[in-house]
Number of protein chains: 2
Amino acid sequence: MTDHAAIEHAAFRLFDQQGFDHTTMDDIARAVGVGKRTLFRYFPSKNDIPWGQFGASLDLFRKQFAAVPPETPLAEAVHACVVAFNTFDDTVVEQHRVRMRLILTTPTLQAHSAIKYEAWRRVIAEYVAHRLSIGADERLPRLIGHVSLAISVAAYEQWLIDPGSSLTHLLDQEMAGLKAYLASR
Amino acid sequence: MTDHAAIEHAAFRLFDQQGFDHTTMDDIARAVGVGKRTLFRYFPSKNDIPWGQFGASLDLFRKQFAAVPPETPLAEAVHACVVAFNTFDDTVVEQHRVRMRLILTTPTLQAHSAIKYEAWRRVIAEYVAHRLSIGADERLPRLIGHVSLAISVAAYEQWLIDPGSSLTHLLDQEMAGLKAYLASR
DNA sequence: TACCTTAATGGCACTCAGCGCCATAAAGGA
DNA sequence: TCCTTTATGGCGCTGAGTGCCATTAAGGTA
């Protein structure tokens, strides 16, 4: 009766109690009541556990883009989808904050994030490429993926600092801050 | 008579021959003619070997910023220093390309890059913070660090694709591409 | 009911990064 | 010559991650 949610739950409890680095896969396996070998069948690595079902949320991300009217200005479309991607129900927003705090404050996980971010950037690059009728490996699609990520991570960092802040509002603010910065003389 | 350069040289040869993941620290130690334990005294981890003396180059990066006239527009100053940081002599540019290709195409190293990038972003954040008379942990300094990194990585990716391209020219192009993207309606 | 197939499980042994500890050798200074 | 510092590297350990294989549960068929 093992499933991802049960593993995640037990793991997050241990990460909170002992810290990520001081929690072994054997610890988690024991807490879930399962063999270590089984854990590695549900999550390809220890670093993937905090990310939960990130791959599934990328599918939703793609659907957001698919639903954008084609006449929407490109930058506006991308920003709106990034905001939508980071919009969470009140019932899960605190759990999301715990998850992201763990990921963004644990060096091991910050490093692993690069792999996850790459897939996220790819979704954006593919949309931009589609809109411009070019390949997703072209210069501009990749650039927009990188810059959108930069804005998002900056917003997340601020979100973790200000407990009362709104993530979507912060995304707007970071975007506005970037525009002002580039326009400044 | 062991030094960083000798280790790097032997390691790069092996990485080229066998791939990064299939080269063990024991392999490198044997090639250098030194104990594995000694390798870990020169480089804190296997992942740090491809980065060479990155920390030292960050000191130069800081000096670039210190030499900028205070009346230079902020965005212009940052971009100029990023370009300067990525300006290499013709005699070392090909070695730099090998290094960056390894880092940017090996998943293990892409992940580790996050740690290195953080220190690089910090240099930018500190300069922006200084110019604005605020803290380096404030929103805008961190944002500019992230966005500058996004532009740089995008330029590097393109640089690896186009063998004849100029890295500094690509940095200008990515910056121009971003401005055009954000200004588009 | 007996039989067969398939998927999930988990134990075992192995590789490799990385660290703590300690012994040794070389170098340099008084 | 003695003492101290520094570089070295061996040894053994922890922990992530993998391949292999045996066991068990589940589901379908004759």
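Start at Tyr42(A): in this predicted model, one of its polar side-chain atoms sits 3.0 Å from a phosphate oxygen of DNA strand C. Thr38(A) does something along those lines too, with an N or O atom of its side chain 2.9 Å from a phosphate oxygen of DNA strand C. Arg37(A) goes for a base instead, placing a polar side-chain atom 3.4 Å from a base oxygen of the strand.

Now zoom out to everything around that strand. DNA strand C is surrounded by 16 residues, and the closest are Val34(A), Thr38(A), Arg41(A), Arg37(B) and Lys46(B). By type, the residues of this surface split into 5 nonpolar, 6 polar and 5 charged. On the DNA side, 48% of the strand C atoms within 4 Å of the protein belong to sugar or phosphate, and the rest belong to bases.

Which helix gives the most to the surface near DNA strand C? That's H3(A), with 4 residues. Helix H3 of chain A and helix H3 of chain B, both spanning 36-42, each put at least two residues into this surface.

Let's leave the DNA and look at the salt bridges, of which the structure holds 16 over all chains. A good one to click on is Arg122(A) with Asp137(A), where the closest N and O atoms are 3.2 Å apart. Arg122(A) belongs to helix H7 (residues 107-132) of chain A, while Asp137(A) is in the loop between H7 and helix H8 (139-161), so the pair ties together parts that are 15 residues apart in sequence. Glu126(A) joins in as well: Arg122(A), Glu126(A) and Asp137(A) are linked in a network of salt bridges. Arg122(A) is partly exposed, since its relative accessible area is 39%.

Over in chain B, Asp137(B) and Arg122(B) meet through their side chains in a salt bridge, at 3.2 Å from N to O. Here Asp137(B) sits in the loop between helix H7 (107-132) and H8 of chain B, and Arg122(B) sits in helix H7, so this pair links distant parts of the chain, 15 residues apart. Arg122(B) counts as partly exposed, at 38% relative accessibility.

Finally, there's a salt bridge between chains. The side chains of Glu157(A) and Arg142(B) meet at 2.7 Å, N to O. This pair crosses from helix H8 of chain A, home of Glu157(A), to helix H8 (residues 139-161) of chain B, where Arg142(B) lies. Is Arg142(B) buried or exposed? Arg142(B) is buried, because its relative accessible area of 11% falls under the 20% cut-off.

Key
Residues are numbered from 1 along each chain as its sequence is written. Chains are lettered from A and ligands numbered from 1 in the order in which they are written. This is a predicted model: local features need pLDDT of at least 70, side-chain atom pairs count only at pLDDT 80 or more; totals for chains, interfaces and linings use all residues. Side-chain values use heavy atoms; hydrogens and water are left out. A salt bridge is a side-chain nitrogen of Lys or Arg within 4 Å of a carboxyl oxygen of Asp or Glu. Buried means under 20% relative accessible area, exposed over 50%, partly exposed in between (1.4 Å probe, protein chains only). A residue is near a molecule or strand if one of its heavy atoms lies within 4 Å of it. A polar contact is a pair of N or O atoms within 3.5 Å; within protein, one must be able to donate a hydrogen and the other to accept it, and residues adjacent in sequence count only if both atoms are side-chain atoms. Ala, Val, Leu, Ile, Met, Phe, Trp, Tyr, Cys and Pro count as nonpolar, Asp, Glu, Lys and Arg as charged, and the others, Gly among them, as polar.
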